[in-house]
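Biologist: Could you take one part of this model and walk me through it slowly? I'd like to hear what sits where, and what it packs against.

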Amino acid sequence: MPVPFDVSHPLPPDDPDALLLEGLFQLAFNGETQGWEFKKIDEEVHARLLAAYAA
């Protein structure tokens, strides 16, 4: 199955936000959305989005 993004542009190793999003994306892309790992990353991404875009 082809990768849906351009792998010629690797993520910077020192960007924790990009790494979290990439981890969440990879789990979702592989259909692994029911496990603890997806839930943990999803909660962290959600919390960071709420903090960044507080209403």
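Modeller: Here is a close look at helix 2 and its surroundings.

Keep in mind that this is a predicted model. The chain has 55 residues, with 13% of them buried, and its secondary structure comes to two helices and zero strands. The accessible surface is about 4600 Å², and carbon and sulfur atoms account for 62% of that.

Now to helix 2 itself. Helix 2 has 17 residues, and from first C-alpha to last it reaches 24 Å, close to the 24 Å expected at 1.5 Å a residue. Its buried residues are Phe38, Ile41 and Val45. Those three cover an arc of only 75° around the axis, so they sit on the same side of helix 2. What does that buried set pack against? The partner is helix 1.

Flip helix 2 over and you get the face turned away from the buried side, which carries the exposed residues Trp36, Lys39, Lys40, Leu50 and Ala51. Take Lys40 from that list: it counts as exposed because its relative accessibility is 55%, and the cut-off for exposed is over 50%. Lys40 and Leu24 are 16 residues apart in sequence, and their C-alphas are 9.4 Å apart in space.

Asp42, also in helix 2, falls in between. With a relative accessible area of 35%, Asp42 is partly exposed. Between Asp42 and Leu20 there are 8.7 Å, C-alpha to C-alpha, for a separation of 22 residues in sequence.

Back to the buried side, where Ile41 is a good residue to click on. Leaving out residues up to four places away in sequence, Ile41 touches Leu20, Gly23, Leu24 and Leu27. Three of the names in that contact list, Leu20, Leu24 and Leu27, turn up again in the largest nonpolar core, together with Phe38, Ile41 and Val45. That core has six residues, and the elements giving two or more residues to it are helix 1 (16-29) and helix 2 (36-52). As background, nonpolar side chains in soluble globular proteins tend to be buried together.

So what does the partner look like from its own side? Helix 1 has 14 residues and reaches 20 Å from first C-alpha to last, close to the 20 Å expected at 1.5 Å a residue. The buried residues there are Ala18, Leu20, Leu24 and Leu27, and they pack against helix 2. Just after helix 1 comes Gly31, with a positive phi of about 75°.

One more thing while you're looking at helix 1: the aromatics. A search of the whole structure turns up one aromatic pair. The rings of Phe25 and Phe29 have centres 5.9 Å apart and planes at 25°, so the pair is stacked. Phe25 and Phe29 are four residues apart in helix 1, which means about one helical turn separates them. Phe25 is partly exposed, with a relative accessible area of 33%, and Phe29 is partly exposed as well, also at 33%.

To pull helix 2 together: Phe38, Ile41 and Val45 are buried and pack against helix 1, while Trp36, Lys39, Lys40, Leu50 and Ala51 are exposed on the face turned away from them.

How values were computed: Residues numbered from 1 in each chain as written. Predicted model: local features only at pLDDT ≥ 70, side-chain atom pairs only at ≥ 80, totals over all residues. Heavy atoms only, no water. Core = buried A, V, L, I, M, F, W, Y, C linked by side-chain atoms within 4.5 Å. Buried < 20%, exposed > 50% of the residue type's maximum accessible area, 1.4 Å probe, protein only. Contact = heavy atoms within 4.5 Å. Areas by Shrake-Rupley, 256 points an atom, 1.4 Å probe, with all protein chains shown as cover. Expected span 1.5 Å × (residues − 1). Arc of directions from axis to C-beta. Phe/Tyr/Trp six-rings, centres within 6.5 Å; stacked < 30°, edge-to-face > 60°.
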